[in-house]
Amino acid sequence: MVDIAISCRCGQFGAKLKNVSPKTGSHVQCYCKDCQTGAMALGAGDTLMPRNGSDIYQTIPSNLELTQGQEHLACLRLSPKGLMRWYASCCDTPVFNTLGGTKLAFVGVSVPAMRGDAIDRAIGKVIAVVHTKDAPFGTEPLKDYGFNKAGFNVLARHFGALMRGQVRDNPLFDEGSPVVEPRVLSKAERRAATP
């Protein structure tokens with residue numbers, strides 16, 4: 001297990017992800033319209049993979065530590081109850097995804113925001129590719145796989161965190177509430193950002 005630095009594109013926001021390994025998290029790729037729309041709404045389409053996929057490492061929030069530029073931490077939601085898409089407002093870099101509260105010990109970390117030489121080895125191979133029907137047409141076929149395995153891993157990590165008393169250890173929330181007020185896109189803003 002290693003620690004990996006997380007940084008926005010301009011370097012003003014930073015975090016550290018501790019205990020990174022294929023055993024402590026899952027490397028997944030998502031091509032859903034919501035992930036695409038979230039990146040486009042921030043003007044961060046360059047953080048998406050070819051064919052607009054999001055590269056994500058899922059783990060528990062207690063492994064996350066904010067290290068600098070917390071004043072730049074911001075949050076976007078595509079709808080009032082949508083996934084919380086955390087980003088660095090200094091340069092609109094997507095960094096994390098969470099649910100709306102701390103009942104489930106879950107955080108998705110944007111792989112493009114990770115810094116260092118050992119990232120591929122630390123996060124391991126991709127175990128799930130999901131929502132490929134939303135990917136733009138390309139020459140190579142994409143196929144969904146691993147959804148159930150990724151979901152099982154999220155639950156297994158949650159129950160492990162529950163047994164260790166770490167479920168509420170989340171630097172993005174304070175007593176169950178997000179540390180910053182999420183900005184919710186209007187329907188018009190969402191339509192404009194949807195590829």
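Colleague: Which residues does Arg157 touch, not counting residues up to four places away in sequence?

Modeller: This is a predicted model, and in it Arg157 touches Thr24, Gly25, Ser26, Gln58, Thr59 and Ile60. They are called contacts because heavy atoms lie within 4.5 Å. Arg157 itself lies in helix α3.

Colleague: What makes you say that Arg157 has no salt bridge?

Modeller: The nearest side chain of opposite charge, that of Asp55, is 13 Å away, whereas a salt bridge needs a side-chain nitrogen of Lys or Arg within 4 Å of a carboxyl oxygen of Asp or Glu. Arg157 is therefore counted as buried yet without a salt bridge.

Colleague: Which backbone oxygen lies 3.4 Å from a polar atom of the side chain of Arg157?

Modeller: It is the backbone oxygen of Gln58, and the distance of 3.4 Å can be set against the limit of 3.5 Å for a polar contact. Gln58 is also one of the residues that Arg157 touches.

Colleague: How do you know that Asp55 has no salt bridge either, and where does Asp55 lie?

Modeller: Asp55 lies in strand β4, which covers residues 54-59. The nearest side chain of opposite charge to Asp55 is that of Arg115, 11 Å away, and the cut-off for a salt bridge is 4 Å, so buried Asp55 is left without one.

Colleague: What is joined to the side chain of Asp55 by a polar contact?

Modeller: The side chain of Gln29 is, at 3.4 Å, and because the limit for such a pair of N or O atoms is 3.5 Å, the value falls within the definition. Leaving aside neighbours within four places in sequence, Asp55 is in contact with Gln29 and also with others, including His27, Val28, Met49 and Pro112.

Colleague: Why is Asn148 called exposed?

Modeller: Its relative accessible area is 64%, and exposed means over 50%, so Asn148 qualifies. Asn148 lies in helix α3, and its C-alpha atom is separated by 19 Å from that of Thr98, 50 residues apart along the chain.

Colleague: Why is Tyr145 counted as partly exposed?

Modeller: Tyr145 has 41% relative accessibility, which is neither under 20% nor over 50%, and therefore falls in between. Tyr145 is placed in the loop between β11 and α3, and it touches Val126, Ile127, Ala128, Val129 and Val130, not counting residues up to four places away in sequence. From Thr98, Tyr145 is 47 residues apart in sequence and 22 Å apart in space, C-alpha to C-alpha.

Colleague: What is the sign of phi in Arg51 and in Asp92, and in which loops do these residues lie?

Modeller: Arg51 has a positive phi of about 70° although it is not a glycine, and it lies in the loop between α1 and β4. Asp92, also a residue other than glycine, has a positive phi near 55° and lies in the loop between β7 and β8.

Colleague: Why do Arg51 and Asp92 count as partly exposed?

Modeller: The relative accessibility of Arg51 is 23% and that of Asp92 is 27%; buried means under 20% and exposed over 50%, so each value falls in between.

Colleague: Which residues of α1 are buried, and what covers them?

Modeller: In α1, Cys35, Gln36, Thr37, Gly38 and Ala39 are buried, a word that requires under 20% relative accessible area. What covers the buried residues includes β3, β4, β6, β7 and α4. After α1 comes Gly43, with a positive phi near 70°.

Colleague: What makes one space a pocket and another a cavity, and what volumes do the largest of each have?

Modeller: A pocket is an open set of points, whereas a cavity is a set where a 1.4 Å probe fits but cannot get out. The largest pocket has a volume of about 550 Å³, and of its 25 lining residues the closest to the centre are Cys30, Gln58, Leu83, Phe106 and Phe147. Helix α3 supplies the largest share of that lining, four residues. The count of cavities of 30 Å³ or more comes to one, and the largest cavity has a volume of about 230 Å³. It is lined by 19 residues, with Ser54, Arg85, Pro94, Asn97 and Ser110 nearest its centre, and β8 gives the most to that lining, with four residues.

Definitions and conventions: Residues numbered from 1 in each chain as written. Predicted model: local features only at pLDDT ≥ 70, side-chain atom pairs only at ≥ 80, totals over all residues. Heavy atoms only, no water. Helix = DSSP H or I, 4+ residues; strand = E, 2+ residues; numbered from the N terminus. Buried < 20%, exposed > 50% of the residue type's maximum accessible area, 1.4 Å probe, protein only. Lys, Arg positive; Asp, Glu negative; His and termini not counted. Polar contact = N/O pair within 3.5 Å; in protein donor to acceptor, adjacent residues only side chain to side chain. 1 Å grid on protein atoms, 1.4 Å probe; cavity = no way out; pocket = protein on both sides within 12 Å on 5 of 7 lines; lining within 4 Å. Points joined across faces, edges and corners; volume = space filled by probe spheres on them.
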